[in-house]
Amino acid sequence: MNDCVFKLHSTLELPLEDLHEFLDDPPLPEELESIDLTRRNNTLIVSAVADDDSLSKYTPTAQLKASVTENRVYEEPPEEQKPPAGGPRWGGPGEEDEMPPSELVEYACFKGDRETVLQNTAVQYAMFEVLRDIARIAEKGTLTAITARDGDLTATRIVDGEDRPASLEVVEDPSEGPAASKGVDWRNNEFIS
């Protein structure tokens, strides 16, 4: 069995500056020689350069895809102000509303399922390991995955940069097990005629 990624879901967000800093000298799996970073408008593509010479130069290697967004980051949270007794005042003479200092920060957002975030199959597991390392430095978001390495299935769950317990259950029939009762019974649904 080859090393592969069966399921993956990501909602990771981190400042683009932090991602660039990480990708300057990332810990690479042995299957990767290096990684290339390309930005096209608001799309960021992190491509694998395989260490395997047997791969054709025309074989598309795995890549991570992220969207780039701008978010306003405030240096200090605005203080809650209660309106004076008698109702709200909308700025009297001599009063100016001061906005707290802020700046626009670009964020890399790795959001979606496997085909959206992790594309192509050559050295796919190695690029998943890079994504897992990115998840550990991400400010917010979740990475969940089911992977196979050397024939062993592994569940991964990282929330807001911290590894969390994860498990998986293999059942012969998908209608068995604890997840079976969480689905929608489309055949006997009273809302569908």
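**Notebook: strands, core and a pocket**

I started at Thr 147, which is found in strand β7. The model is a predicted one. Thr 147 is buried, because its relative accessible area is 1% and the cut-off for buried is under 20%. I listed its contacts, leaving aside neighbours within four places in sequence. On that list are Cys 4, Val 5 and Phe 6, then Tyr 125 and Phe 128, and finally Asp 152, Leu 153 and Thr 154.

**Overall layout**

I then stepped back to the whole chain. The protein has three helices and nine strands. Along the sequence I read the pattern as β-α-β-β-β-β-α-β-α-β-β-β. Of its 193 residues, 33% count as buried. I also looked up the sequence range of the contacts: among those between residues at least 6 apart in sequence, 64% join residues at least 24 apart.

**Strand pairing**

Which strands does β1 join through bridges? I found β5, with seven bridges, and β7, with six. β1 runs antiparallel to β5, and β1 and β7 are antiparallel too. For the β1 to β7 pair I noted Ser 10 opposite Leu 143. For bridges into β5 I noted Leu 14 with Ala 108 and Pro 15 with Tyr 107.

β5, residues 102-113, also pairs with β4, residues 63-74. That pairing is antiparallel and has eight bridges. Tyr 74 stands opposite Ser 102 of β5.

**Leu 143 and Arg 132**

I went back to β7 for Leu 143, which lies in that strand. Is Leu 143 buried or exposed? It counts as buried, because its relative accessibility is 0%. Setting aside neighbours within four places in sequence, I find Leu 143 in contact with Leu 8, His 9, Ser 10 and Leu 12. The same list holds Phe 128, Leu 131, Arg 132 and Ala 135, and also Thr 156, Arg 157 and Ile 158. I checked one C-alpha separation as well: Leu 143 and Gly 161 are 18 residues apart along the chain, and their C-alpha atoms are 9.2 Å apart.

Arg 132, one of the contacts of Leu 143, lies in helix α3. It counts as buried at 19% relative accessibility, because the cut-off is under 20%. Beyond its neighbours within four places in sequence, Arg 132 is in contact with Tyr 125, Leu 143, Thr 156 and Ile 158.

**Largest nonpolar core**

Next I looked at the largest nonpolar core, which has 35 residues. The members that touch the most others are Leu 19, Leu 64, Phe 110 and Met 127. At least two residues each come from β1, α1 (16-24), β2 (32-40), β3 (43-50), β4, β5, α3 (124-137) and β7. Which element gives the largest share of this core? I found it to be α3, with eight residues. As general background, nonpolar side chains tend to be buried together in soluble globular proteins.

I took Phe 110 from this core for a closer look. Without its neighbours within four places in sequence, Phe 110 is in contact with Ser 10, Thr 11, Leu 12, Leu 14 and Leu 19. Its further contacts are Leu 64, Lys 65, Ala 66, Val 117, Leu 131 and Ile 134.

**Second largest pocket**

I then turned to the second largest pocket, which holds about 340 Å³ of space. Its lining has 18 residues, and Lys 7, Ile 146, Ser 167, Leu 168 and Glu 169 lie nearest the centre. β1 (4-15), β7 (142-149) and β8 (152-159) each supply at least two of the lining residues. Sorted by class, I get ten nonpolar, four polar and four charged residues in the lining.

**Positive phi values**

Last, I checked two residues other than glycine that have positive phi. Val 123 has phi near 55 degrees and lies in the loop between β6 (118-119) and α3. Val 123 is buried, because its relative accessible area of 19% falls under 20%. Asp 160 has phi near 50 degrees and lies in the loop between β8 and β9 (162-163). Asp 160 counts as partly exposed, because its relative accessibility is 42%, in between the 20% and 50% cut-offs.

How values were computed:
Residues are numbered from 1 along each chain as its sequence is written. This is a predicted model: local features need pLDDT of at least 70, side-chain atom pairs count only at pLDDT 80 or more; totals for chains, interfaces and linings use all residues. Side-chain values use heavy atoms; hydrogens and water are left out. On a 1 Å grid over the protein atoms alone, a cavity is a set of points where a 1.4 Å probe fits but cannot get out, and a pocket is an open set with protein on both sides within 12 Å along at least five of seven lines; lining residues have an atom within 4 Å of a point. Grid points are joined across faces, edges and corners, and a volume is the space filled by probe spheres set on the points. Helices (H or I, at least four residues) and strands (E, at least two) are DSSP runs, numbered from the N terminus. Ala, Val, Leu, Ile, Met, Phe, Trp, Tyr, Cys and Pro count as nonpolar, Asp, Glu, Lys and Arg as charged, and the others, Gly among them, as polar. Two strands pair if DSSP finds at least two bridges between them. A nonpolar core is a set of buried Ala, Val, Leu, Ile, Met, Phe, Trp, Tyr and Cys residues joined through side-chain atoms within 4.5 Å. Buried means under 20% relative accessible area, exposed over 50%, partly exposed in between (1.4 Å probe, protein chains only). Contact means heavy atoms within 4.5 Å.
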